[in-house]
Amino acid sequence: MHPLPAPTAVIADDERLMREQIADRLKEAWPELSIVGEAGNGSEAVAMVRSLEPNIAFLDISMPGMDGIQAAQALAGQVHVVFVTAHDQYAISAFEQGAVDYLLKPADPERVALTCQRLRARLEQAPNPMNELLAQLSKRLGAGGTNPSEYMRWIQASVGATIRMIPTSDILFFRAEDKYTRVQTRGFEALIRKPIKELIDELDPDEFWQIHRSTVVRVDAVDQVSRDFRGRQIVHLKGSEEKLEVSRTFNHLFKQM
Amino acid sequence: MINQATEGNTLNTDPRSPGIDNAGGQSGPATQRRASKGSLREIGDAIVAVWWRFFDWLAVVSWKKLALVSLLGLILAGILKHPVPFLMVIIASIIIKVVAGGKRRAELTADEATKRAETEQLERTVLEARMEALQAQIEPHFLFNTLASIDQLIQTDPPRASKMQQSLIRYLRTAMPQMRDGKRPTLGQQVDLCSAFLEIMSVRMEGRLQPVVTIPEGLKSAVFPSMMLQTLVENAIKHGLEPKPEGGRLEIGAEIVDGLLAVHVLDNGIGFMPKAEAGVGLANVRERLKALYKGRAELIISVPPAGGTCATIKVPYEIAPAASPD
């Protein structure tokens, strides 16, 4: 082995105490490694790696703005990445299958020593772009709950002078009224500007049904459907006296089983 | 009263068991004797069962229907030319209905009401058990990160490590399913619990978290359900402030509005996403408010003019009794 120039590293974690901890442990396990920078979030880390070109980046997985996985994706192939995490069971199982290393917080000195040993052996090679692993990781962590749903779960509407976030599960129905759409809940009504036509695309079709050009009803709020003397279907709601007409186009929704 | 009603029920179903006895007893004089004794008892039981059923029917049937049935019976008895015994049966029925009908009817209603109450009680217990299981969910991420921070402070700043550890103990003690000490939780206790959590998070997030707690002294003795304020504070940090690189302010306040105690948690974080999945936390708060106060309490999420999120819980204003059990 020929001598290498002193290796360099950056540490990214949103908590300063945690950055300190990693730095302290690294100093003990690998005195020659010099920490050239510390970042408080993913985008700072990316900028730092690009400008300082360190050999290694220690990235915390959960960071504000851009997280550790996204930062690693942005830096693919440019730096050897070691992920740091307190408790991400999905991530841990994924790391164990992958080529890249990871550290658990609080960092155990022996484990850090092992990581340093692996890194020393790998420094001569080009950094692994880890495409597959990263794709898998971001998918797994996304499934953990931070991913936004495909449909609206909250309606932002003005009630009096305040803007409220109304959970869709509280809503009985939406109804077009002049320029506005009325949002009716059990306890109050609110107005939004979004027309029914746009709204229907953003609502979960399993949760809401359009029953008329101007009416969308929450399926679970339907108590029963009757027919009036002209044979039109009328929807009765749980917790409201209001009755909603079903237009012919949507009659098939309430066909008998 | 209720005992008697259930007794009637048992008698209705009882005759089945001697029947099973009979099926096996075909040979031998002893078995035959036992069989005949069994069938005698069976007949007796059947008569008692029929009597109770008749009694129940008599108690709840309307006078009009009873008159109609009597008339039909009388005509039938006339055809069979034995009207006198039947007339006696009718008169006896009328007397029984007058004397015991009301009481029996009340018993049956009471029985039904008890059954319904028992089901409701059971449902409530199940709900409460589920709530407690949810309450005990302490974020592993929070716990491990906090322990890692304490580990680091032990080496660099032992007094601060000790303080943080004490905050963690205080937090864990109250975040565990609440011990039933017979007292109802107060707003003061809930705010203390949140302060422990905020102390921990302030050490970890440093300047990125600026907590402001302003609860009027007089409102601290008000009754406030457990673990709800905690959920709002955790949400504000996790979804509002932590994802914001520069962090921000978190404010807890309380006031009386129209006879309701309104407690709010306000942050100037990244704000609420309309497509964010409604978390277990908020759904849990809603469900518990419904279970505890029927329609008289609510959780309101609003968007303050300056951005961020404001979550408000409104419950009926009630001062906690000094030490009397709930």
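This short presentation describes a predicted model of two protein chains, A and B.

Good morning. I shall begin with chain A as a whole. Chain A contains seven helices and 15 strands. Of its 257 residues, 37% count as buried. Consider next the contacts in chain A between residues with a separation of 6 or more: 55% of these join residues that are 24 or more positions apart.

Let us turn to one sheet in this chain. Strands S13, S14 and S15 of chain A form an open sheet, in that order, and their pairing is antiparallel. Why do S13 and S15 each have one side without a neighbour in the sheet? Strand S13 (222-227) and strand S15 (243-246) stand at the edges, and each has a single partner strand, so one side of each is left free of a neighbour in the sheet. On average, neighbouring strands here are turned by 30° against each other, direction ignored. Strand S14, residues 233-237, is joined to S15(A) by four bridges in the antiparallel sense. As an example to find in the structure, Ile234(A) stands opposite Glu245(A) in S15(A).

I now come to the contact between the chains. How many residues does each chain bring to the contact? Chain A gives 28 residues and chain B gives 29 residues. On the side of chain A, the elements that supply two or more residues are helix H1 (16-29), strand S6 (154-159) and strand S7 (162-167). By type, the residues on this side are 13 nonpolar, nine polar and six charged. Strand S7(A) also pairs across the contact: three bridges join S7(A) to strand S4 of chain B, residues 298-303, and the two run antiparallel. Within S4(B), Val303(B) is the bridge partner of Ile163(A).

Let us look finally at the largest nonpolar core, which has 105 residues. Those that touch the most other members are Ala12(A), Ala45(A), Ala57(A), Phe58(A), Leu59(A) and Val233(B). Leaving aside residues up to four places away in sequence, Val233(B) touches Cys194(B), Phe197(B), Leu198(B), Ile252(B) and Val265(B).

Which element gives the most to this core? Helix H8(B) does, with eleven residues. Helix H8(B) covers residues 187-205, which is 19 residues in total. From its first C-alpha to its last, H8(B) reaches 26 Å, close to the 27 Å expected at 1.5 Å a residue. Just after this helix, Glu206(B) takes a positive phi of about 50°.

Thank you for your attention.

Methods. Residues are numbered from 1 along each chain as its sequence is written. Chains are lettered from A and ligands numbered from 1 in the order in which they are written. This is a predicted model: local features need pLDDT of at least 70, side-chain atom pairs count only at pLDDT 80 or more; totals for chains, interfaces and linings use all residues. Two residues are in contact if their C-beta atoms, placed from the backbone, lie within 7 Å. Ala, Val, Leu, Ile, Met, Phe, Trp, Tyr, Cys and Pro count as nonpolar, Asp, Glu, Lys and Arg as charged, and the others, Gly among them, as polar. Two strands pair if DSSP finds at least two bridges between them. A residue is buried if 20 or more other C-beta atoms lie within 10 Å of its own, exposed if 12 or fewer, and partly exposed in between; C-beta atoms are placed from the backbone. The expected span of a helix is 1.5 Å times one less than its number of residues. A nonpolar core is a set of buried Ala, Val, Leu, Ile, Met, Phe, Trp, Tyr and Cys residues joined through C-beta atoms within 7 Å. Axes are lines fitted to C-alpha atoms, for helices over the stretch in contact, and angles run from 0 to 180 degrees between N-to-C directions.
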